[in-house]
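Hello,

Here is the structure I promised to pass on to you. Have a look at it first, and then read on for what turned up in it.

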Amino acid sequence: MIPEQFIQELKLNNDIEAVISSYIQIKRGGRNLVGLCPFHSEKSPSFTVYNDSQSFYCFGCGAGGDVITFIKRIENIEYMDALKLLAERAGMQLPDNSFDDTAAKLKTRVLEINRQTARFFHSCLTSPQGQKTLDYLHGRGLNDKIIRRFGLGYSPDSWDSLTKHLKSLGFSYEEMTTACVAANGRNGGVYDQFRGRVMFPIIDIRGNVIAFGGRIMEGNGPKYLNSPDTPVFKKSRNLFALNIAKATKAESLLLAEGYMDVIALHQAGFENAVATLGTALTDEQARLMSQYAKQIVIAYDSDGAGQTATKRAINILGEIGMQVKVLSMQGAKDPDEFIKKFGRDRFKMLIEGSANALEFELSKIKNKYDISTTDGKVNYLKEFADYMAGISNPIERDVYIAKTANELEVSKDAVLTQVNYRIRQKAKSKEKKEAKELKVFAATPMDKVNPERGRHLKAALAEERLIAILFKNPDYCTYIRQKLTPQDFITEFNRRVYEMICARIESNQTLDMGMFGGELDDAQMGRIAGFLASTSGQNYTKEETDDYIQTILQSKLEKTDKDVAEMNDSSWSKYISDLAAKKK
């Protein structure tokens, strides 16, 4: 077995867009990329690449999977050969295939250290020694409810309070330093990494405490001290408060700069707010956000550094096809201060009125052409019309059409005609895509991956949607498992996938398409990619999850009733005997 950590690094170093584009021509279509499928003959592109999940899926033939699956299929090679090819491409050395679970065990220990550390810090905050820090948080406008919700804490101004506590729980000093809650001293001892700080636990989408941020209360030292990368934490791949924000039904995420901004926004009712972790926005963080939102509203500080970070974020988010808006906060330097000064309703109006990113995008398009020439003006208007056709708000479209027509001294009607033409084209393209999806996902008696699907289509669709929800919301696993057992699944294939996903979540293993690569064949990988493709860019609440659970349970009940009704005499006898045996 190849270590899972190596496979994850391999995939990170082989971005699916870069790999696939070296084989076929793909171009951006909204948030995703599309092209002609290399695995079957087609005239209209139905092959889609999803940057957010680093997967691909063809709505024409059902081929799908991750970057490893793509290489297997396109090169017609086996799984290990695909790993070797990708390793060579990334300049990585393929390890031997001996199994070693040391890294997995260490991750489990580090996560438990983090959990106990967060509990310790929170208990210190509510003790007499943390009163000054608690007063500081109250002074910043935070109430006790929001403090508990985010698990805020206090790290005592001591060299060994935490290390002594963790030692009493059976953790070694080596494990503490690996978790980076303690550091090695010059004389061979260890000391607490965080001292005299208000503490912010960083929680991943599974609900695990994976790191910490700490703000100094007084004295010398950096204002903010953040956990470095550890076996369970990569700051470039995580976001503060995404574990809460992903559960909202908002179609957008609010991207703020700091912990306090995010917490203040959540307290004011904007629970879709997240922040980066002491770094500028990264490509990985942008892809992570795109899994949970169609639009990002940037709410960075209004100072020079904040505006520079805003421009960089717009470019990164734009490259993966995300819609972007930018808040312009007049009279306040950040969201926390704005809400304190002007209130929640005014901030909501600010969000609803933000349109800076649209103008920014139009400016980028215009800068590509010399609009003083006839050709430049025509080419700009063509791209302008294509972009405006993707704007859903008709008032917003009308305003920018009128403004651009006036600037270029052309007829507004002419520009509007071109925009409407592109809208119709996009609508037809969407209808074709939906028809292809329906064709692929419609039950047929030739379904070799899931033969039972045709007989139990309603249940199978609910099972597939539930699997996709678990991919995006692994923290729902316990909730779902309490209501639905694997035996409740109607179809065997979906039951197997569900069991595999739950097992990995419960053992804190990575959850992505790559986990199936060594266990499922290409057709089965394609089917799972189809599950994810059908939910791309959508969020699901626990209430919606309940609907799918109920559909599965109801289908199971109906199937049982039907099976009983169709029993012959011998089957009845066996059925009654089995019931009697169960009661005993």
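A good place to start is an open sheet of 4 strands, which has the order S13-S12-S14-S15 and parallel pairing. Its edge strands are strand S13 (273–275) and strand S15 (323–326), each of which pairs on one side only. From one strand to the next, the twist averages 30°. Within this sheet, strand S12 (residues 252–256) and strand S14 (residues 295–298) run parallel and are joined by 4 bridges. If you would like a pair to click on, Leu 253 has Ile 296 in S14 as its bridge partner. Please keep in mind throughout that this is a predicted model.

There is also an open sheet of 5 strands, and here the pairing is antiparallel, in the order S1-S2-S3-S4-S5. Strand S1 (26–29) and strand S5 (64–65) are the edge strands, pairing on one side only. S3 and S4 pair over 4 bridges in the antiparallel sense. One contact to look up there is Thr 48, whose bridge partner in S4 is Tyr 57.

The loop that links those two strands deserves a stop as well. Between strand S3 (47–50) and strand S4 (55–58) you will find Gln 54. Gln 54 is not a glycine, yet its phi is positive, near 50°. Is Gln 54 buried or exposed? With a relative accessible area of 15%, Gln 54 counts as buried, because the cut-off for buried is under 20%.

Cys 180 makes a good companion to look at next. Cys 180 sits in the loop between helix H9 (173–178) and strand S7 (182–184). Its phi is positive, about 65°, although Cys 180 is not a glycine. The relative accessible area of Cys 180 is 14%, so this residue is buried.

Now for the spaces inside. How many cavities of 30 Å³ or more does a search of the whole structure find? The search finds 3. The largest cavity has a volume of about 1400 Å³. It is lined by 48 residues, and the closest to its centre are Gln 8, Arg 237, Thr 510, Leu 511 and Asp 512.

Which helices each supply at least two residues of the lining of the largest cavity? They are helix H1 (4–12), helix H5 (102–125), helix H10 (242–245), helix H12 (283–290), helix H20 (457–472) and helix H23 (522–533). H1 gives the largest share of that lining, with 6 residues. By type, the lining of the largest cavity divides into 18 nonpolar, 16 polar and 14 charged residues.

The second largest cavity holds about 40 Å³ of space. Its lining is made up of Ile 202, Ala 211, Phe 212, Asn 226, Ser 227, Phe 233, Lys 235, Tyr 259 and Leu 277. Of these residues, 6 are nonpolar, 2 are polar and 1 is charged.

If you want a short route through the model, try the pair Leu 253 and Ile 296 in the parallel sheet, then Gln 54 in its loop between S3 and S4, and finally the largest cavity, starting from the residues closest to its centre, Gln 8 among them.

Enjoy exploring, and best wishes!

How values were computed
Residues are numbered from 1 along each chain as its sequence is written. This is a predicted model: local features need pLDDT of at least 70, side-chain atom pairs count only at pLDDT 80 or more; totals for chains, interfaces and linings use all residues. Side-chain values use heavy atoms; hydrogens and water are left out. Buried means under 20% relative accessible area, exposed over 50%, partly exposed in between (1.4 Å probe, protein chains only). On a 1 Å grid over the protein atoms alone, a cavity is a set of points where a 1.4 Å probe fits but cannot get out, and a pocket is an open set with protein on both sides within 12 Å along at least five of seven lines; lining residues have an atom within 4 Å of a point. Grid points are joined across faces, edges and corners, and a volume is the space filled by probe spheres set on the points. Ala, Val, Leu, Ile, Met, Phe, Trp, Tyr, Cys and Pro count as nonpolar, Asp, Glu, Lys and Arg as charged, and the others, Gly among them, as polar. Two strands pair if DSSP finds at least two bridges between them. Axes are lines fitted to C-alpha atoms, for helices over the stretch in contact, and angles run from 0 to 180 degrees between N-to-C directions.
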